Amino acid sequence: MPLVSMRQLLDEASRGGYGVGAFNVNNMEQIQAIMEAARETSSPVIIQASRGARSYTNDLFLWHLMQAAVELYPEIPVALHLDHGNEPETCFSAIDLGFTSVMMDGSLEADGKTPASFEYNVAVSKKVVAYAHARGATVEGELGTLGGIEDGHGFGEVHLTDPDEAVEFVQQTGVDALAVAFGTSHGAYKFAQEPTGDVLKMDLIEEIHRRLPETHLVMHGSSSVPPELVAQVNQYGGALKPAWGVPVKEIQLGIRHGVRKINVDTDSRLAVTGAIRKVFAESLEKFDPRDYLKPARAAMQKLIAGRMRDFGQAGHAGDYEAISLDEMRVGYAAAAAAV
Ligand SMILES: [Zn+2]
């Protein structure tokens, strides 16, 4: 099937009561690892690219690799999503290229660093929703700021999402999905110790979901940073500090309270790097890139297949037929006319 809208994947996930992993990619091996994991577990999936990934792949390599993915895995529903669009133009160019979903992160100004006002966030998000929905594409907004920095993007400090503002934001913008800040951070060093209820405000997710039951909630910075992956990197010459991510059981609790999209990037990076370091350390005579890229791809596939089972998306690839972007566009127009 062709690329599908993220909205459809998340609506189906909501009906089925599960979450869908959104995995970041930069190259062919990562796309292959995700698609193989999706086939292995029969999972619908979101593949996402940051601005950094778009410039790394010059857009066109990414686009054509994704075309190969949908051609080779026709049974897997896949959405192609822009992660952390910094301004409306970045989102428009992604939609024009064929992304079926975009994130307009108006929680920060266009520099990707300065916290933005609520009014600014509403204005840019609204603009992107108008453009995207007129083409059947999905929009994710963000309210509140996460900790950490990802690909140079981020304020660095956590500002938790305010539930009253969340309701107002969704009403004013019409976003399909909302990234909420509830204590997670981007990157490998999310927490200095295992996070407890004081750090991860799961009750905040519950409250936002109760007040916005139709809005799909998104967890950013949701890698779990498995100790064995950090240990493997360090065993073969790496120097990562001890790190704690978001425990899978906390993510599963979020899924029970309206979280439908879970962003995972750091764990994939750790899996890939650990596998490559192992080959470099153990097989000094090897110099064919396939000798280390194959194990890297296999390690990432293993990690992602596990996450697909953890999030509950496994087994759901065959549940539904793709709704075309044109049908989605008609649906949005009808919903707007009915208001
Ligand atoms: Zn993020």
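## A tour from helix α7 to helix α2

Select helix α7 (residues 163–173) to begin, where Ala166, Phe169, Val170 and Thr173 are the buried residues; buried here means 20 or more other C-beta atoms within 10 Å of the residue's own, exposed means 12 or fewer, and C-beta atoms are placed from the backbone. Looking down the axis of α7, you find its buried residues within an arc of 95°, so they line one face of the helix, the arc being that of the directions from the helix axis to the C-beta atoms. This is a predicted model, in which local features need pLDDT of at least 70 and side-chain atom pairs count only at pLDDT 80 or more, while totals for chains, interfaces and linings use all residues. Residues are numbered from 1 along each chain as its sequence is written, and helices (H or I, at least four residues) and strands (E, at least two) are DSSP runs numbered from the N terminus.

Turn α7 around: the face directed away from its buried side carries the exposed residues Asp164 and Gln171. To see what covers the buried residues, add α6 (118–133), β5 (138–143), β8 (177–180) and α8 (202–211), which are among the covering elements. Just after α7 comes Gly174, with a positive phi near 75°.

Next, select Phe99, in the loop between α5 (88–97) and β4 (101–104). Phe99 counts as buried because it has 27 C-beta neighbours inside 10 Å. Leaving aside neighbours within four places in sequence, its contacts are Leu80, His81, Leu82, Ala94 and Ala137, a contact requiring C-beta atoms, placed from the backbone, to lie within 7 Å. Show Val4 as well: Phe99 and Val4 are 95 residues apart in sequence, and their C-alpha atoms are 9.3 Å apart.

Finally, display helix α2 (residues 28–41) with helix α4 (residues 60–72), whose axes come within 10 Å and cross at roughly 25°. That angle makes α2 roughly parallel to α4, a description used for angles under 35 degrees, whereas oblique covers those outside this range, outside 65 to 115 (roughly perpendicular) and not over 145 (roughly antiparallel). Axes are lines fitted to C-alpha atoms, for helices over the stretch in contact, with angles from 0 to 180 degrees between N-to-C directions. Here Met28, Ile31 and Met35 of α2 meet Leu65, Met66 and Ala69 of α4.

Keep α2 and add helix α12 (residues 289–311), which packs against α2 at an angle of about 45° with the axes 8 Å apart; the two helices are therefore oblique to each other.

How values were computed. Two residues are in contact if their C-beta atoms, placed from the backbone, lie within 7 Å.
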